[in-house]
Amino acid sequence: TPLVIFTRKRSVYSETSSRNTAASALSTMNATKGGLVIFTANSNPSCMELGKRIAERLGVELGKVLVYQEANRETRVQIQESVRGKDVFIIQTVSKDVNTTIMELLIMVYACRTSCARSIIGVIPYFPYSKQCKMRKRGSIVSKLLASMMCKAGLTHLITMDLHQKEIQGFFNIPVDNLRASPFLLQYIQEEIPDYRNAVIVAKSPASAKRAQSFAERLRLGIAVIHGEAQDAESDMVDGRHSPPTVKNLGAIHPSMEIPLLIPKEKPPITVVGDVGGRIAIIVDDIIDDVDSFLAAAETLKERGAYKIYVMATHGILSSDAPRLIEESAIDEVVVTNTIPHEIQKLQCPKIQTVDISMILSEAIRRIHNGESMSYLFRNIGVDD
């Protein structure tokens with residue numbers, strides 16, 4: 001009998017030990033399932049700097065992935081670690097070759113989807129083709145097309161910054177967090193611009209007046225608006241679909257049913273609404289790419305008596321001869337964030353300064369991964385901001 005009792009005791013101990021081992025294995029599996037992986041989808045090394053900054057702030061290493069162009073210019077992506085059951089964040093900054101950048105992102109998203117990632121979050125600080133978000137004659141709304149492609153590839157969430165038009169968020173059928181860079185730019189104004197209390201916030205066109213008003217109200221400064229300058233193609237083109245062509249044909253339409261035509265626009269002379277004489281002028285906008293309109297605005301402000309001119313924008317594309325034109329202009333300093341890499345442009349023009357926004361992107365990633373609220377990142381942001 002003692003022998004039998006001893007055997008039963010061993011059996012119970014063995015059973016308990018097995019149960020503990022199974023529970024430990026299950027716990028380990030669940031911990032692995034909730035893992036965080038950060039990839040950068042750029043084959044261009046200069047575009048990986050932002051991803052490295054974000055990973056460093058989060059205390060993790062960048063995921064192992066190989067992105068390259070084959071001899072025939074096809075993009076190939078090879079993920080070199082397991083992403084099964086993990087939250088994957090893909091950081092993609094836009095290089096000069098925009099279309100290659102998009103393909104790198106789409107292929108990597110699809111690769112993570114087919115590798116059974118739990119969620120795939122795109123971190124795209126500057127959303128490409130954002131200016132093509134309205135119908136122009138027989139054109140197309142390319143932003144909508146791009147949004148559909150990203151969702152179809154497998155993106156489950158998007159983090160971006162200062163969309164050209166906030167309505168672009170409606171093109172997606174997934175959650176979109178449109179973060180703001182204005183807190184960093186406002187901090188730069190307060191800390192780096194001497195005597196900023198003698199400054200005036202300037203909108204280079206009526207279209208950017210809301211952004212200028214937001215800056216001015218937060219800094220308790222005045223506002224000025226430049227009106228009458230040669231407008232860019234985006235705001236000047238009519239939003240009509242000319243099909244059939246607008247040709248008067250009274251034989252086809254009864255005279256009493258003739259449709260009245262819209263009166264063509266006539267641009268007034270350049271006018272600065274607001275006082276800039278003897279003050280610092282700070283021009284604010286969301287994108288600085290073709291700098292012609294900024295240069296014209298700077299010249300106008302100089303003529304009106306502004307003694308120092310700053311240009312502040314979230315996305316510094318600065319394509320073509322922008323660095324050289326800025327260096328030769330009346331602009332004293334151009335301040336942009338690092339949503340787009342522009343190290344080469346900074347070498348060509350010492351007037352360009354960079355503000356790092358990796359802090360807010362890393363905090364957004366941390367909160368989404370931990371299932372925390374994002375409202376803290378949007379505090380004090382109104383509907384018009």
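Here a biologist asks and a modeller answers about this predicted model.

Biologist: How many helices and strands does the protein chain have?
Modeller: The model is a predicted one. Both kinds of element occur in the protein chain. The count is 11 helices and 14 strands.

Biologist: What share of the 385 residues is buried?
Modeller: A residue counts as buried when its relative accessible area is under 20%. Taken over the 385 residues of the protein chain, the buried share is 43%.

Biologist: Among contacts between residues at least 6 apart in sequence, what percentage join residues at least 24 apart?
Modeller: Contact here means heavy atoms within 4.5 Å. Take the contacts in the protein chain between residues at least 6 apart in sequence. Those joining residues at least 24 apart make up 69%.

Biologist: Which residues of helix 2 are buried, and where do they lie around the helix?
Modeller: Helix 2 covers residues 49-58. Its buried residues are Leu50, Gly51, Ile54 and Ala55. Seen down the axis, these buried residues fall within an arc of 130°, so they line one face of the helix.

Biologist: Why can residues three or four places apart in an α-helix point the same way?
Modeller: The answer lies in the turn of the helix. Residues three or four places apart point the same way because an α-helix has, per turn, 3.6 residues.

Biologist: What do the buried residues of helix 2 pack against?
Modeller: Their partners include two strands, strand 1 (36-40) and strand 4 (87-91). The list is completed by helix 11 (358-370).

Biologist: Which residue just after helix 2 takes a positive phi?
Modeller: Look just past the end of helix 2. The phi there is about 75°. The residue is Gly59.

Biologist: How are helix 3 and helix 4 arranged, roughly parallel or roughly antiparallel?
Modeller: Helix 3 spans residues 98-114 and helix 4 spans residues 142-153. Their axes are 8 Å apart and make an angle of about 25°. An angle under 35 degrees counts as roughly parallel. So helix 3 and helix 4 are roughly parallel.

Biologist: Which residues meet between helix 3 and helix 4, and how many fall in each class?
Modeller: Helix 3 brings Ile102, Leu105, Leu106, Val109, Tyr110 and Arg113. Helix 4 brings Leu146, Met149, Met150, Lys152 and Ala153. By class, the contact has nine nonpolar, no polar and two charged residues.

Biologist: Which residues of helix 5 are buried, and what do they pack against?
Modeller: In helix 5 (residues 182-192), Phe184, Leu185, Leu186, Tyr188 and Ile189 are buried. They pack against strand 11 (280-288), strand 12 (308-316), strand 13 (333-337) and strand 14 (352-355). Their helix partners are helix 6 (209-219) and helix 11.

Biologist: Is Ala313 buried or exposed?
Modeller: Ala313 is found in strand 12. Its relative accessible area is 1%. The cut-off for burial is under 20%. So Ala313 is buried.

Biologist: What separates the C-alpha atoms of Ala313 and Ile287?
Modeller: Beyond its neighbours within four places in sequence, Ala313 is in contact with residues including Leu185, Ile287 and Val336. Ala313 and Ile287 are 26 residues apart along the chain. Their C-alpha atoms are separated by 5.6 Å.

Biologist: Which residues does Gln78 contact, leaving aside its neighbours within four places in sequence?
Modeller: Gln78 sits in strand 3 (residues 75-79). At 34% relative accessibility, Gln78 is partly exposed. Its C-alpha atom is 5.0 Å from that of Leu66, 12 residues away along the chain. The contacts are Val65, Leu66 and Tyr68.

Biologist: How many residues apart are the salt-bridge partners Asp356 and Arg53?
Modeller: Their side chains meet at 3.3 Å, N to O. Asp356 lies in the loop between strand 14 and helix 11, while Arg53 is in helix 2. The pair links distant parts of the chain, with a separation of 303 residues.

Biologist: What is the N to O distance in the salt bridge of Arg76 and Glu70?
Modeller: Arg76 is partly exposed, at 36% relative accessible area. Glu70 is partly exposed too, at 23%. Their side chains meet at 2.4 Å.

Biologist: Which residues do salt bridges with shared partners join into one network?
Modeller: Another salt bridge pairs Arg324 with Asp321 at 3.5 Å, N to O. As for the network, its members are Glu49, Arg53, Arg57 and Asp356.

Methods: Residues are numbered from 1 along each chain as its sequence is written. This is a predicted model: local features need pLDDT of at least 70, side-chain atom pairs count only at pLDDT 80 or more; totals for chains, interfaces and linings use all residues. Side-chain values use heavy atoms; hydrogens and water are left out. Axes are lines fitted to C-alpha atoms, for helices over the stretch in contact, and angles run from 0 to 180 degrees between N-to-C directions. Helices (H or I, at least four residues) and strands (E, at least two) are DSSP runs, numbered from the N terminus. Angles under 35 degrees count as roughly parallel, over 145 as roughly antiparallel, 65 to 115 as roughly perpendicular and the rest as oblique. Ala, Val, Leu, Ile, Met, Phe, Trp, Tyr, Cys and Pro count as nonpolar, Asp, Glu, Lys and Arg as charged, and the others, Gly among them, as polar. Buried means under 20% relative accessible area, exposed over 50%, partly exposed in between (1.4 Å probe, protein chains only). The arc is that of the directions from the helix axis to the C-beta atoms. A salt bridge is a side-chain nitrogen of Lys or Arg within 4 Å of a carboxyl oxygen of Asp or Glu.
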